[in-house]
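This report looks at how one ligand is held by its protein, and then turns briefly to a helix elsewhere in the chain.

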Amino acid sequence: MTAKPIVREVLPADLRQDRLPKHVAVIMDGNGRWAKNRGLPRIMGHRRGVDSLKRLLRCCRDWGVGALTAYAFSTENWGRPLEEVDFLMTLFERVLRQELAEMMEENVRIRFVGNLSGLPQSLRAEIDRAVIQTQRNQGIQFTVATNYGGRQEIIQACQAIATQVQKGQIQPEDIDETLFTRHLYTAEIGDPDLLIRTSGEMRISNFLLWQLAYAEIYVTPTLWPDFDQTEFHQALHAYQQRERRFGKVR
Ligand code: IPE
Ligand code: IPE
Ligand code: MG
């Protein structure tokens, strides 16, 4: 058996390495429309969407973006037709199983954020396996938001903190941004610098409500299955033109 050579892409010349976002988040939207435009069932768009995500993960790694967080399924997405939801859960499970070996080879550390207890048991088993197996990998930090809702995340943090207060472990005055952040699903990950949303929608759809406070937002009309390296290059180029002021003046 011959090992597949790992071909790495170099950072395009017009992008500055020292001004790359450390953490990119992406709302992978437009799979259904992509399929509809081709007269295909929506699920075909989801299937193709997996290829886009693999491409983006690899591109982040090659170009030196340290963390990627992708929105795969929202708490509101349960409201879709049962067959679409079932397809997605099975797809996540299959992709995780198929990609684990490659993630190990490529030194990817995968994590999941969201209410994981609400996912099918067989998917949770694959998630646990992948998270545990990759936990010592030092390469790109890859986070998948599944059964994720920003409001739900904030509420579960509040409940955990309130319980600590009730037990007398902390005082209400101890609650500050640092403490609160530690109770979010993303405690170990940090805030995104750049949020990309495909399919032209100008909203964040309950994604990382707390963490996106100062992210730069980039929206492209391109549908997620068509989002490629050229598109990512454009997003990074736009990001590098931005002036991040964080409320201050120059
Ligand atoms: C995003 O694509 C994928 C998920 C939400 C799981 P959509 O399925 O939302 O595609 P559109 O927005 O209907 O085109
Ligand atoms: C956001 O896309 C959720 C994911 C990409 C997983 P949606 O398609 O669910 O968002 P809305 O309904 O357009 O706001
Ligand atoms: Mg959508």
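A polar contact is taken here as a pair of N or O atoms within 3.5 Å. The model is predicted, and the distances below are computed from its atoms. With that cut-off in mind, an oxygen atom of ligand 2 is paired with an N or O atom in the side chain of Asn77 at 2.9 Å, and the other side-chain pairs of this kind are listed with it.

| Side chain | Distance from its N or O atom to an oxygen atom of ligand 2 |
|---|---|
| Asn77 | 2.9 Å |
| Arg203 | 2.8 Å |
| Ser205 | 2.6 Å |

Taken on its own, ligand 2 has 390 Å² of accessible area, of which the protein covers 79%. The site that holds ligand 2 is the largest pocket.

The shell around ligand 2 is made up of Ile27, Met28, Asp29, Tyr71, Ala72, Phe73, Asn77, Arg80, Arg197, Arg203 and Ser205. By residue class, this shell comprises five nonpolar, two polar and four charged residues. Strand β2, which runs over residues 67-74, supplies the largest share of the shell, namely three residues.

The helix α2 allows a check of its length. Because a helix is expected to span 1.5 Å a residue, the 22 residues of α2 (residues 42-63) should span 32 Å, and the end C-alpha atoms of α2 are indeed 32 Å apart, in agreement with that expectation. After α2 comes Gly64, a residue with a positive phi near 95°.

Notes:
Residues numbered from 1 in each chain as written. Chains lettered and ligands numbered in written order. Predicted model: local features only at pLDDT ≥ 70, side-chain atom pairs only at ≥ 80, totals over all residues. Heavy atoms only, no water. Near = heavy atom within 4 Å. Polar contact = N/O pair within 3.5 Å; in protein donor to acceptor, adjacent residues only side chain to side chain. Areas by Shrake-Rupley, 256 points an atom, 1.4 Å probe, with all protein chains shown as cover. 1 Å grid on protein atoms, 1.4 Å probe; cavity = no way out; pocket = protein on both sides within 12 Å on 5 of 7 lines; lining within 4 Å. Sits in = over half its atoms within 2 Å of the grid points. Helix = DSSP H or I, 4+ residues; strand = E, 2+ residues; numbered from the N terminus. Nonpolar A, V, L, I, M, F, W, Y, C, P; charged D, E, K, R; others polar. Expected span 1.5 Å × (residues − 1).
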